[in-house]
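Dear colleague,

I am passing on a structure that I would like you to look over. The coordinates come first, and my notes on them follow.

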Amino acid sequence: LSRWSHAQPGTVLMKEGEAGDYVCFLASGEARVKKRGRLLNVLTAGECFGEVALFSAASGVRSASVEAETEVELINIRARSLQRASNTCRMHFYKAFLEVMATRLSMASARIANL
């Protein structure tokens, strides 16, 4: 279902505007998320990225770039692999992503409210 990989500091893991058919989990290390060159977030072990392009019905295009800040270990899951997983596996996976998206939406709302 997944593929593990490593990347060195400075490696662009995903590039804004490119097509994307996989999601990544940061198993170790730190990565920076940028949109149009502006820092959006710093990711640490256990966090994911790339889900917007993967789950967006309309575009399938990366909405931000992600660059390794330190040496990182990644877990990649391709859309095609996820589609072949059991219904139970997919249900748990999608539920976890709904929780991630709800948390990110809540954080974004709080940031906007504080502007």
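**A loop residue to begin with**

R36 is found in the loop that lies between β4 and β5, the latter being residues 38-44. Please keep in mind throughout that this is a predicted model. R36 is not a glycine, yet its phi is positive, at about 50°. Most residues other than glycine have a negative phi, which is the reason I mention this one. R36 is also exposed, because its relative accessible area is 70%, and exposed here stands for values over 50%.

**Overall layout**

The protein contains 3 helices and 8 strands, and along the sequence these elements follow the pattern β-β-β-β-β-β-α-β-β-α-α. The radius of gyration is 14 Å, close to the 13 Å that the globule rule gives for 115 residues, so the protein is as compact as a globular protein of that length. Taken along the principal axes, the C-alpha atoms fill a box of roughly 40 × 35 × 25 Å. Of the 115 residues, 30% are buried, and the protein exposes about 7300 Å², of which carbon and sulfur atoms supply 55%. Among contacts between residues at least 6 apart in sequence, 75% join residues that are at least 24 apart.

**The open sheet**

An open sheet is formed by 4 strands in the order β1-β8-β3-β6, with antiparallel pairing. Because β1 and β6 stand at the edges and each has a single partner strand, one side of each is left without a neighbour in the sheet.

Going across the sheet in that order, strand β1 (residues 3-7) is joined to β8 by 5 bridges, and the two run antiparallel. Within this pair, R3 has N76 in β8 as its bridge partner, while A7 stands opposite V72 in β8. The next pair, β3 and β8, is likewise antiparallel and extends over 6 bridges; here F25 has I75 in β8 as its bridge partner, and V23 stands opposite I77 in β8. Finally, β3 pairs with strand β6 (residues 48-49) over 2 bridges, again in the antiparallel sense, and C24 is the residue that stands opposite F49 in β6. As for its exposure, β8 is mostly covered, since 5 of its 7 residues are buried.

**The nonpolar cores**

In soluble globular proteins, nonpolar side chains tend to be buried together, and the model can be read with that in mind. The largest nonpolar core has 15 residues, and those with the most contacts inside it are L13, F49, V66 and V72. At least two residues of this core come from each of β2 (12-14), β3 (22-28), β4 (30-35), β7 (65-68) and β8 (72-78), and β3 gives the most, with 3 residues. A second, separate core has 7 residues, including V23, L54, F93 and F97.

Returning to the larger of these cores, which is the largest in the protein, V66 may be a useful residue to display. Not counting residues up to four places away in sequence, V66 touches T11, V12, L13, M14, A31, R32, V33, L43 and F49.

**A buried glutamate**

I would also ask you to look at E51, which lies in helix α1 (residues 51-55). E51 is buried, because its relative accessible area is 4%, and buried here stands for values under 20%. The side chain of E51 makes a polar contact with the side chain of R104, at 2.2 Å. Once its neighbours within four places in sequence are left aside, E51 is in contact with V23, S56, F97, M101 and R104. Two of these contacts, V23 and F97, are also among the residues of the second core.

When you open the model, I suggest viewing the sheet order β1-β8-β3-β6 before turning to E51 and its polar contact with R104.

With best regards

Technical notes. Residues numbered from 1 in each chain as written. Predicted model: local features only at pLDDT ≥ 70, side-chain atom pairs only at ≥ 80, totals over all residues. Heavy atoms only, no water. Buried < 20%, exposed > 50% of the residue type's maximum accessible area, 1.4 Å probe, protein only. Polar contact = N/O pair within 3.5 Å; in protein donor to acceptor, adjacent residues only side chain to side chain. Contact = heavy atoms within 4.5 Å. Core = buried A, V, L, I, M, F, W, Y, C linked by side-chain atoms within 4.5 Å. Rg over C-alpha atoms; globule rule 2.2 N^0.38 Å. Areas by Shrake-Rupley, 256 points an atom, 1.4 Å probe, with all protein chains shown as cover. Pairing = 2+ DSSP bridges.
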